[in-house]
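This report looks at one chain of a structure and at where that chain meets its neighbour. Please keep the sequence and the 3D view at hand while reading.

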Amino acid sequence: MALNREYVGRVFGPTEPYEVSRVKIADFADAIGEPSELCRDREAAQKAGYPDVIAPPTFAMVISMRATAQVNADPGLGLDYSMVVHGEQSFSYSRPLHAGDVVVATTTIDSIKALGATSMLVTSTDISTVDGEHVCTAKCTIVERGQ
Amino acid sequence: MAVRYADVEQGTEIPPKIYQATRLDLVKYAGASGDFNVIHWSDRIARSVGLPDVIAHGMYTMAQAGIFVTDWAGGDPGAITEFGVRFSAMVPVPDDDTGASIEVSGKVAEKLGDNKVAVDLTARAGGTKVLTRARAVVRLQ
């Protein structure tokens, strides 16, 4: 099914504030196999100059997905999520996320393209603290495979 | 030992490493990330939508590439300031004890200022490139 191109330029969010926790960072690091003690040991992280344990770079996806999930689930967009694969992903960081950060995410739909029966949806998600400090911008392309 | 900025130049190769993706890894990643797309855990649904098998989360593969860069750069995951990939092929993960092997390699594409370097990355699984146009900017010591 073709995606609704009227959604280009639409903004979703900001999401409810998300508090980055030590346990969640450690769980995420365990799940991907990231061995760094900077993700688990607060003293080690502080010795390295961080306020608290830091998240691995792709952890930002946990937060950006809270905003893009609203996009994907919007019935007006017409996306069949079981036909979706990830096309491209990039992150640009002002600094690493750390435990204690309270952040919100806002997603903009940059473009919607069709290539035959396949559709591509490109979004940009800004992650900032509730005080307005930019932390990361995540750009995501998802591909809806045609039937 | 961590590589130093002064010791690398454009073209410096990073020795390849192999990372595994088993079904258990995908289940753990789903739980930790909140990405519960059924194609990452249900054979039945993966096959019903035309996939060869359950496939790994693209973000799991990207995370392995991130670990590869972090490891080379001295172990600080916060040293990566830019990171982008294209998922050029799926990584099917069979339901056995070894799963899929993902080989990540890289080389220094450019020396930037402020002790940063741009690293071009490649990831292969089953002989197919699964990450292309993959680049990380990382700060070295």
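Helix 1 of chain B (helices are DSSP runs of H or I of at least four residues, strands runs of E of at least two, both numbered from the N terminus) is followed by Gly34(B), whose phi is positive, near 85°. The model is predicted, with local features needing pLDDT of at least 70 and side-chain atom pairs pLDDT 80 or more, while totals for chains, interfaces and linings use all residues. Residues are numbered from 1 along each chain as its sequence is written, and chains are lettered from A and ligands numbered from 1 in the order in which they are written.

In helix 1 of chain B, which covers residues 23-33, the buried residues are Asp25(B), Leu26(B), Tyr29(B) and Ser33(B); a residue is buried if 20 or more other C-beta atoms, placed from the backbone, lie within 10 Å of its own. Seen down the helix axis, they fall within an arc of 95° (taken from the directions from the axis to the C-beta atoms), so they line one face of the helix.

The elements that cover these buried residues, by contacts (C-beta atoms, placed from the backbone, within 7 Å), include the following.

| Chain | Element | Residues |
|---|---|---|
| A | helix 1 | 22-32 |
| A | helix 3 | 60-73 |
| B | strand 1 | 13-21 |
| B | helix 3 | 58-73 |

The contact between the chains takes 32 residues from chain B and 31 residues from chain A. On the side of chain B that touches chain A, helix 1, helix 3 and strand 2 (80-87) each supply at least two residues.

Note on methods
A residue is buried if 20 or more other C-beta atoms lie within 10 Å of its own, exposed if 12 or fewer, and partly exposed in between; C-beta atoms are placed from the backbone. Two residues are in contact if their C-beta atoms, placed from the backbone, lie within 7 Å.
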